[in-house]
Amino acid sequence: MTPRLVIAAPASGSGKTTVATGLIAALTAQGLDVSPHKVGPDYIDPGYHALAAGRPGRNLDPWLTSEELVAPLFLHGARDADLAVVEGVMGLYDGAAGAGEFASTAHVAKLLAAPVVLVVDAASAGRSVAALVHGFVTYDPGVRIGGVILNRVGSDRHEEICRAAIEETGLPVLGVLRRTGDAATPSRHLGLIPAAERRPEALATVDRLGALVAGSCDLRALVALAHTAGPLTAEPWDPAAAVTAPEGGPRIAVAGGAAFTFGYAENEELLAAAGAEVVRFDPLRDTTLPPGTGGVVIGGGFPETYAAELSANEPLRRAVAAFEGPIYAECAGLLYLSRRLDDAPMCGVLDAEARMTGRLTLGYREAVAVRDSPVARAGERVRGHEFHRTVVARGTGAEPAWQWSAEGPDGFTSANCLASYLHLHWAGMPQMATRFVGAAA
């Protein structure tokens, strides 16, 4: 059974990503094969984890998939690894709004029988950090906190005060990170800049974080703690067992490159298991779809940042507009398929106009398919996630894809296209991959 740790914190901004990415990099540098995971729907942190580990960063989200799939998906991702590091989301006990602990880091830690390392921002506290830690340890006895890493410690004296107070609670301090600019990663309107957009700089950042954690944390004690994880009775998730392979495998082109960096690894694995040949294309650089393309998938990312470059690639925009096979698009893909994004012409597949706003739309959604599409059937329920700062104005003839609130329907659908803001993890609804591959074939 794979040894494993969950890196959690009392609140967002405490340093989970710094510690988790640095720990993955430090252990990988010691020769361990580390499997990286992220609680929740976030795409950006797993990109840094993947750079640090040299293997895909994967998400564990009970809302998007199910409670029953968390352990199987973990075991699938951690296959043949020496150790797994799971980065939490928000504060340790923060879950889906209105659903108690559901989909929280604590929830996933219990599903994985994994010990938790609590990252505590000590910048503005001394002995009080012990009271904070004590509260988190005793709040839910089902969550086993095995140690603390202090972050943003200012001096030797500050470290002595915090360390002594926490050790009085009976928990070990497994690391102390000082206040430093070495841990900084560039951000913009939706959080960290994805690693794929700044690969050379991101690699340097990952190296710095690895060195920081290696020099500040007790790696041997952290590995020993990972080996105390409890047994899991689940079997690893198998994409081939979740789908039906149709006759004749089509070629499915998946958008990539700097503008389209969001996607769950399992979605592509399901497409391949359903019989597709999955190939990549970059809408910033490629002027045509890959030869023989039978279906197109355009996931999330930041087309607003690259709107001018995407618009300038007119040959590909025309090729996408003329494509007659099935198209599935999420968020960034929705914007790319619209007529315009702000002042930049896009593909014009959809009767829609998109624009940037200052308002963040964020949250889990439970949606119902309004009509049939290449992946869903009318009346079918799905669970997804929405995360954007854009709005799309629909034309009068546009048919909606989903209904999930009293505000009205969302997205666009037709016989050969589904495009919406909803991000979906197909492991929770593998029939979507089967249907899309079948439509492409």
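Which residue follows H1 with a positive phi? Hang on to that one, and we'll get there in a minute.

Okay, hi everyone. One thing up front: what you see here is a predicted model.

Let's start with the whole chain. We've got 14 helices and 21 strands in it. The radius of gyration comes out at 22 Å, and the globule rule gives 22 Å for 441 residues, so the chain is as compact as a globular protein of that length. If you lay the C-alpha trace along its principal axes, it spans about 65 × 45 × 45 Å.

Now, inside versus outside. Of the 441 residues, 58% are buried. About 16900 Å² is exposed, with carbon and sulfur atoms supplying 51% of that area. Contacts tell us about the fold too: take those between residues at least 6 apart in sequence, and 76% of them join residues at least 24 apart. As for charge, count 36 positive side chains and 48 negative ones, with the centres of the two sets 3 Å apart.

Right, let's zoom in on helix H1, residues 16-29. It has 14 residues, and at 1.5 Å a residue they should span 20 Å; the end C-alpha atoms are 20 Å apart, so the two agree. And is H1 enclosed or out in the open? Well, 12 of its 14 residues are buried, so the rest of the structure largely encloses it. Among those buried residues are Lys-16, Thr-17, Val-19, Gly-22, Leu-23 and Ile-24.

Back to my opening question, then. The residue is Gly-31, which comes after H1 and has a positive phi, near 100°. Go find it in the model!

Technical notes: Residues are numbered from 1 along each chain as its sequence is written. This is a predicted model: local features need pLDDT of at least 70, side-chain atom pairs count only at pLDDT 80 or more; totals for chains, interfaces and linings use all residues. Side-chain values use heavy atoms; hydrogens and water are left out. Helices (H or I, at least four residues) and strands (E, at least two) are DSSP runs, numbered from the N terminus. The radius of gyration is taken over C-alpha atoms; the globule rule is 2.2 Å times the number of residues to the power 0.38. Buried means under 20% relative accessible area, exposed over 50%, partly exposed in between (1.4 Å probe, protein chains only). Contact means heavy atoms within 4.5 Å. Accessible areas come from the Shrake-Rupley method with a 1.4 Å probe; for residues, only the protein chains shown count as cover. Lys and Arg count as positive and Asp and Glu as negative; His and the chain ends are not counted. The place of a charge is taken as NZ of Lys, CZ of Arg, CG of Asp or CD of Glu. The expected span of a helix is 1.5 Å times one less than its number of residues.
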